[in-house]
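This report is meant for a reader who has not seen this structure before. It takes up one residue, then its helix, and then some strands and a pocket.

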Amino acid sequence: MKRIISFLVIIFTLCNFGAVHAQSNGDQEAIRKLIDSASIKTMDGFDDKTSGLMYDEGAIRITLKSQSDYDMFNGLSVDGKRKVMNTLAQSYWGDYLGVDVCYVLIVFNNKLYAIAETSYDAADSTITLQYFEQGSTDLTPWKNKSATPNKSTNNQESNSVKKSKTKVKSVTIKETGVIIKNNTMLPAAQVFNNLGGNVQLNSKANDIIMTYGSTTMKAKLNSRYVQINGTKISYSAPLQIINGKLMVPVQLIKNLFKADIKVEHDTYSFNSKYIKSITVVTDSKKVTVPINDLYESYQKYFGKTAWIIKPQVIITDLSSNFVSEKVKNLAQIKIINVKRDSTIGDWIDVYFIYKGKTYIANLKETSFQFGIYTVSPYKQYNFSQKYWNQIENMSISIGMTSDMVYLSWGLSDRHSKDTYSWGTTDIRVYERSYSGDKYLYFFNNILQSISTY
């Protein structure tokens, strides 16, 4: 009888283990699908002042796209829900580098179903979670101020104190990182070399191997998934080649080197904020990487032919020497890069090649289309060679049209236009301190007179 009871107990245990194991596999598959398909929106207290977030707080809104996705999320265990929310929070931390707390919202049909609060590198089991079975229409970020800091936060703080006491070697690399879809990407080779790590790229097989100490990361080029010592993890942006260099998410750098990330912001144009540089800090190294926050906005022009409107720009060589005389007006150039000016944040530096040499055109960001033509003006306008010669030499004469004057002298400083029954008058003023202001009088778009005051 005892043997029969023992046998039944064993069978019962095995059946329950099989059910738990199957449920675990089901959870894992649902978690993976939800992470891959969710729609993400991020915000932070600095940029989204109406969100109710403090300066050091960020939030992620995860919108489930279909009823099946919601049913899948609803069917997860509490730990499964935490896993989905915390994984996405950790993966997208690059969207608001520098915040201390992240609130994670699950939304379906514009209703809120779950909210979690987490900190960077928090374990899934330690994040606080509230679950709303019926849904809520209040989508503002939730703040559980009574929650006590989790152990990982305390450990991070104590580690930061320890690191601050250790003298570290500082270096600023020349290569720049970029921002793509709110993800900060860093040049792998220079960062790894300066931090004491190693990165190898097999371009034929698209295999990437990154090592640091006892940690090994393996990945495929253009994939968001990375194996860290055999454990699979996903990032919000794939490892990719940009401008001929392997770029990796800053989050990956942090994970591999167990580093702190410091962000230097700067402002331009009425306190608009941008990321100027990222500093990766380990126990012994501090590597600062300049960030080109304009890369995504201007990459469509890289490698393209353009024509430069010389009066609208300041031209220098790579040593910051003024070399305007070396580039003629309407010169055909090739754009190779665009960066924010390091001194004046709302100006940009357009790197271009002209006659085999690299120069920089410095101009206001809002004036890009007026200083750099991406369509040939020689094809756009049907002027006689006489006028093209004048335009290239930046001279004007009576009888020119307003387009000819613009191509030759650039935009006017002041402009007054009136339309009457008998025609249109137009006065354009070019302020020239060294030779007096130039007043150009147009009638029906033809230059009639030039006066100096």
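Apart from its neighbours within four places in sequence, Gln90 is in contact with Thr118, Ser119, Tyr120, Asp121, Ala122 and Gln251. The model is predicted. One of these partners, Ser119, offers its backbone oxygen, which the side chain of Gln90 reaches at 3.2 Å. Is Gln90 buried or exposed? Its relative accessible area is 13%. Because the cut-off for buried is under 20%, Gln90 counts as buried.

Gln90 belongs to helix α3. This helix covers residues 78-91, 14 residues in number. From its first C-alpha to its last, α3 reaches 20 Å, close to the 20 Å expected at 1.5 Å a residue. Helix α3 is mostly covered, with 11 of its 14 residues buried. Besides Gln90, the buried residues of α3 include Gly80, Lys81, Arg82, Val84 and Met85. Also among them are Asn86, Thr87, Leu88, Ala89 and Ser91.

**The chain as a whole**

The protein chain contains 11 helices and 28 strands. It has 453 residues, and 45% of them count as buried. Among its contacts between residues at least 6 apart in sequence, 51% join residues at least 24 apart.

**Strand β18 and its partners**

Strands of a sheet pair through backbone hydrogen bonds, and the pairing may be parallel or antiparallel. Strand β18 spans residues 285-292. The table lists pairings of β18, with one pair of opposite residues for each.

| Partner of β18 | Residues | Direction | Bridges | Opposite residues |
|---|---|---|---|---|
| β6 | 169-172 | parallel | four | Val171 and Val287 |
| β7 | 177-180 | parallel | two | Val178 and Asn292 |
| β17 | 272-281 | antiparallel | five | Val281 and Lys286 |

Strand β17 is also linked to β18 through a hairpin of three residues. The pair formed by Val281 of β17 and Lys286 of β18 belongs to these antiparallel strands. Strands β6 and β7, in contrast, both run parallel to β18.

**The second largest pocket**

Strand β18 appears again at a pocket. Which element gives the most to the lining of the second largest pocket? It is β18, with five residues. The space in this pocket is about 640 Å³. Its lining is made up of 26 residues, and those nearest its centre are Lys174, Glu175, Thr176, Pro290 and Lys339. The elements that give two or more residues to this lining are β15 (245-249), β17, β18, β21 (332-340) and β22 (347-354). The hairpin partners β17 and β18 are therefore both in this list.

**An open sheet of six strands**

Two of the lining strands, β21 and β22, also have a place in an open sheet. This sheet has six strands in the order β20-β23-β22-β21-β19-β24, with antiparallel pairing. Why is one side of β20 and of β24 left without a neighbour in the sheet? Strands β20 (314-316) and β24 (372-373) stand at the edges, and each has a single partner strand, so one side of each has no neighbour there. For β24, a pairing with strand β19 (residues 305-308) is made in the antiparallel sense over two bridges. In this pairing, Ile308 stands opposite Ile372 of β24.

Methods:
Residues are numbered from 1 along each chain as its sequence is written. This is a predicted model: local features need pLDDT of at least 70, side-chain atom pairs count only at pLDDT 80 or more; totals for chains, interfaces and linings use all residues. Side-chain values use heavy atoms; hydrogens and water are left out. Two strands pair if DSSP finds at least two bridges between them. The expected span of a helix is 1.5 Å times one less than its number of residues. Buried means under 20% relative accessible area, exposed over 50%, partly exposed in between (1.4 Å probe, protein chains only). A polar contact is a pair of N or O atoms within 3.5 Å; within protein, one must be able to donate a hydrogen and the other to accept it, and residues adjacent in sequence count only if both atoms are side-chain atoms. Contact means heavy atoms within 4.5 Å. On a 1 Å grid over the protein atoms alone, a cavity is a set of points where a 1.4 Å probe fits but cannot get out, and a pocket is an open set with protein on both sides within 12 Å along at least five of seven lines; lining residues have an atom within 4 Å of a point. Grid points are joined across faces, edges and corners, and a volume is the space filled by probe spheres set on the points.
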